[in-house]
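Subject: Structure handover

Hello,

Here is the structure I said I would pass on. My notes on it follow below.

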Amino acid sequence: MGANGTDKGATAAVTGAAETDPPVADCAVDTAGVFTVELDLPGGLDLPGGVADDRARVLLRRRPGTGDQATDVTLETTPVPGRPGRVRALLPVEPVLAEGHWEVRVSGGGVALPVAAGIRDLRALVDRTPPVPAGPLAVRVPYAGKEGHLVLRVWRREGHVEAGGLRLADGALTVRARLVGVAPEPGARVLLRRRGKGGPQHVVEPRTDADGGVVFTVELAELLEEEPPRAAYWDLFWLPSPTAPRIRISRLLDDVAERKRVFVYPHTRVAGQRVFPYYTVDNDLSIEVNAPAG
């Protein structure tokens, strides 16, 4: 495997192949995070001769953020025994990819094609309990993006707090969570921060549960604006100690790449305002306060 800069050849115009449906890629992720892709090569990419520079490869391209350049990681392919024209590529645990969305393509001979998402075997990711990482926690979840193309969602966290069960009752939100790669320390707190420059903050005391996780309860009335009532968004963080960097509370350790579209929680009314928890597009836990109409 090799990491490259932007490859002009990988973005070359595709003639003929672009007019047909993209190749369909099946994939799987195991408990260690190893990502495996299999697909039948389209015409023009099954190149003869076995010359290293001409073999079809799987290309992972990270969508650039603001001010970033696209980043490519190239995976060598090997034939699948007994399946002529079908190849397999493997992304091992190392290197740890940068956090973001990595589009999966197949490339060869100066041509790069997006691949359609086929079967995604993610059974190993469901409610998994990963070992405490020696380095950053790396999570990989493939999903079907726009137009059904295969995309690998990657999270990379130096420390992680995994949100579990959420209970909304009696004007309060109770959250159960577990620490991954974060040592429980005396003085740890939960910080709620309202979005916006100079937004207010609210601190909650956590407690330990019988399973070694943590539990905390947010009194939702304390998140309301007094005058005038207005919509607000509060993001939740874990503060390991008064001097340690804050850690976003998220839910990453399962098979859901885009939780916001899948998990929709009921709301409760507090002083006439609708309040409910939700997950952002990055699977981070937040609370929305909706001001009353008018």
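Two strands are taken to pair if DSSP finds at least two bridges between them. In this model, which is a predicted one, D26 stands opposite E38 in β3. The strands concerned, β2 and β3, pair in the antiparallel sense over five bridges. They form a hairpin with five residues between them, and G33 in the turn has a positive phi of about 100 degrees.

Strand β2 has another partner as well. With β9 (residues 116-121) β2 pairs in the parallel sense, over four bridges, and V24 stands opposite A116 there. The two faces of β2 are unlike in cover: A25, C27 and V29 make up the covered face, while V24, D26 and A28 make up the uncovered one.

Salt bridges

Side chains of opposite charge can pair when their charged atoms come close. The count for this model comes to 20 salt bridges. I describe three of them here.

D26 forms a salt bridge with R86, with 3.0 Å between the closest N and O atoms. Since D26 belongs to strand β2 and R86 to strand β6, the pair ties together parts that are 60 residues apart in sequence. D26 counts as partly exposed because its relative accessibility is 24%. R86, with a relative accessible area of 6%, is buried.

The residue opposite D26, namely E38, has a salt bridge of its own. E38 pairs with R88, and the closest N and O atoms are 2.6 Å apart. E38 is in strand β3 and R88 in strand β6, so this pair ties together parts that are 50 residues apart in sequence. Here E38 counts as buried, at 18% relative accessibility, because the cut-off for buried is under 20%. R88 counts as partly exposed, at 30%.

The third pair is R248 and D284, whose closest N and O atoms are 3.9 Å apart. This pair links distant parts of the chain, 36 residues apart: R248 is in strand β19 (residues 247-250), and D284 is in the loop between β21 (273-279) and β22 (285-290). R248 is buried, with a relative accessible area of 14%, and D284 is buried too, with 9%. R248 and D284 also belong to a network of salt bridges that links them with E99, R157, R195 and D235.

Nonpolar cores

The largest nonpolar core has 37 residues, of which F35, L39, L60 and L97 touch the most other members. At least two residues of this core come from each of β2 (24-29), β3 (35-40), β4 (57-62), β5 (71-79), β6 (86-91), β7 (100-108), β10 (137-144) and β11 (150-157). The largest share, five residues, is supplied by β11. Apart from this core lies another, of 29 residues, including L220, L224, L236 and V270.

L97 is worth listing in full. Leaving out residues up to four places away in sequence, L97 touches L60, V73, L91, W102, R140, L152, V154 and R156.

Two buried residues

L173 lies in strand β13 (residues 172-180). L173 counts as buried, at 1% relative accessibility. Residues up to four places away in sequence aside, L173 is in contact with L166, R167, L168, F216, T217, V218, L220, P277 and I287. One of these contacts, P277, is 104 residues from L173 in sequence, with a C-alpha to C-alpha distance of 7.9 Å.

H160 lies in strand β12 (residues 160-169). The relative accessible area of H160 is 0%, so this residue is buried. The side chains of H160 and E162 are joined by a polar contact of 2.6 Å. With residues up to four places away in sequence not counted, H160 touches L137, R178, L179, V180, V182, I247, S250, L252 and L253.

Regards

Note on methods: Residues numbered from 1 in each chain as written. Predicted model: local features only at pLDDT ≥ 70, side-chain atom pairs only at ≥ 80, totals over all residues. Heavy atoms only, no water. Buried < 20%, exposed > 50% of the residue type's maximum accessible area, 1.4 Å probe, protein only. Contact = heavy atoms within 4.5 Å. Core = buried A, V, L, I, M, F, W, Y, C linked by side-chain atoms within 4.5 Å. Salt bridge = Lys/Arg side-chain N within 4 Å of Asp/Glu carboxyl O. Polar contact = N/O pair within 3.5 Å; in protein donor to acceptor, adjacent residues only side chain to side chain.
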